[in-house]
Amino acid sequence: VSPKARATSNQCIIHALNQQKSMRPFAKLRGGQQVQSCAFHPSKPHFMVATMRSVRIYDLQKQAQVKQLISGAKWISSVTVHPTGDHVVVGSYDRRVVWWDLDFASKPYKTLQYHDKAVRCAVFHPGKFPLLAACSDDATVSILHAKVFSDLMQSPMIVPVKRLRDHMVNQGFGVLACAWHPHQPWLFTAGSDGRAYLWA
């Protein structure tokens, strides 16, 4: 993803590593929107593209748009998909974390606001742990218990668990990125203070 690429077709490029080929899924984006982030569905050939205010879901086999999710946020920073594939979360520069349940409406299921400054990244744990992390320019990282139930009539359980505070603000920027270990409940964070941490 390269939001500032001069050619719209170069803002998002998908690389097929096995075939050693690359494809540009978008010749144009409606309304001149910039691609901010993207994610793959864990089990379907679906591709999720976050522009400034919405998330579009595309079927790569049919090469067609499946759904558009309206965020209500002013500027999306990141997108993450729950391992079940039924829930999508974005972080935004206007301090929000927006959650959708894909089995229901295209409007958010819940909007969370735990930070004082921009949320740079929000990410689900890719494995068996029901965890969601969100890092921010306020130099903190929120850890949430985010349990999704197999019963569609039962709403997800979202509970704040911990606030990690060891990073420092540098020139107005805080924690720039976070990523979960694929199998352990360990979180990696990188900040503008030049430090990277592993939290266990």
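1. Valine 98 has threonine 111 in S10 as its bridge partner. Strand S10 covers residues 110-112, and 3 bridges join S10 to S9 in an antiparallel arrangement. This is a predicted model, and the points below should be read as such.

2. On its other pairing, S9 runs antiparallel to S8, with 5 bridges between the two strands. Within this pairing, histidine 87 stands opposite aspartate 101 of S9. The S8 and S9 hairpin has 4 residues between its strands, and arginine 95 there takes a positive phi near 75°.

3. How many of the residues of S9 are buried? The count is 5 of the 5, so S9 is largely enclosed by the rest of the structure. In a regular strand, side chains alternate between the two faces of the sheet. For S9, both faces are covered. Val97, Trp99 and Asp101 are buried on one side, and Val98 and Trp100 are buried on the other.

4. The loop between S8 (87-92) and S9 (97-101) also holds tyrosine 93, while tryptophan 75 sits in the loop between S6 (64-70) and S7 (76-81). These two residues form an edge-to-face aromatic pair, 5.8 Å centre to centre with 85° between the planes. The pair ties together parts that are 18 residues apart in sequence, because its members lie in those two loops. Tryptophan 75 is partly exposed at 37% relative accessible area; tyrosine 93 is also partly exposed, at 32% relative accessibility.

5. The whole structure contains 4 aromatic pairs. One of them is formed by phenylalanine 40 and phenylalanine 47, a tilted pair with 5.1 Å centre to centre and 45° between the planes. Are these two rings buried or exposed? Phenylalanine 40 is partly exposed, because its relative accessibility is 48% and the cut-off for exposed is over 50%. Phenylalanine 47 has a relative accessibility of 2%, so it counts as buried.

6. A nonpolar patch on the surface is made up of Trp186, Phe188 and Leu198, which together have about 270 Å² of accessible area. Where does tryptophan 186 lie? Tryptophan 186 is placed in the loop between strand S15 (175-180) and strand S16 (187-191). Its relative accessibility is 32%, so tryptophan 186 counts as partly exposed. That value also meets the patch criterion, because patch residues need over 30% relative accessible area.

Conventions:
Residues numbered from 1 in each chain as written. Predicted model: local features only at pLDDT ≥ 70, side-chain atom pairs only at ≥ 80, totals over all residues. Heavy atoms only, no water. Patch = residues over 30% accessible without salt bridge, like charges linked within 9 Å, V, L, I, M, F, W, Y side chains within 5 Å. Areas by Shrake-Rupley, 256 points an atom, 1.4 Å probe, with all protein chains shown as cover. Salt bridge = Lys/Arg side-chain N within 4 Å of Asp/Glu carboxyl O. Buried < 20%, exposed > 50% of the residue type's maximum accessible area, 1.4 Å probe, protein only. Phe/Tyr/Trp six-rings, centres within 6.5 Å; stacked < 30°, edge-to-face > 60°. Pairing = 2+ DSSP bridges.
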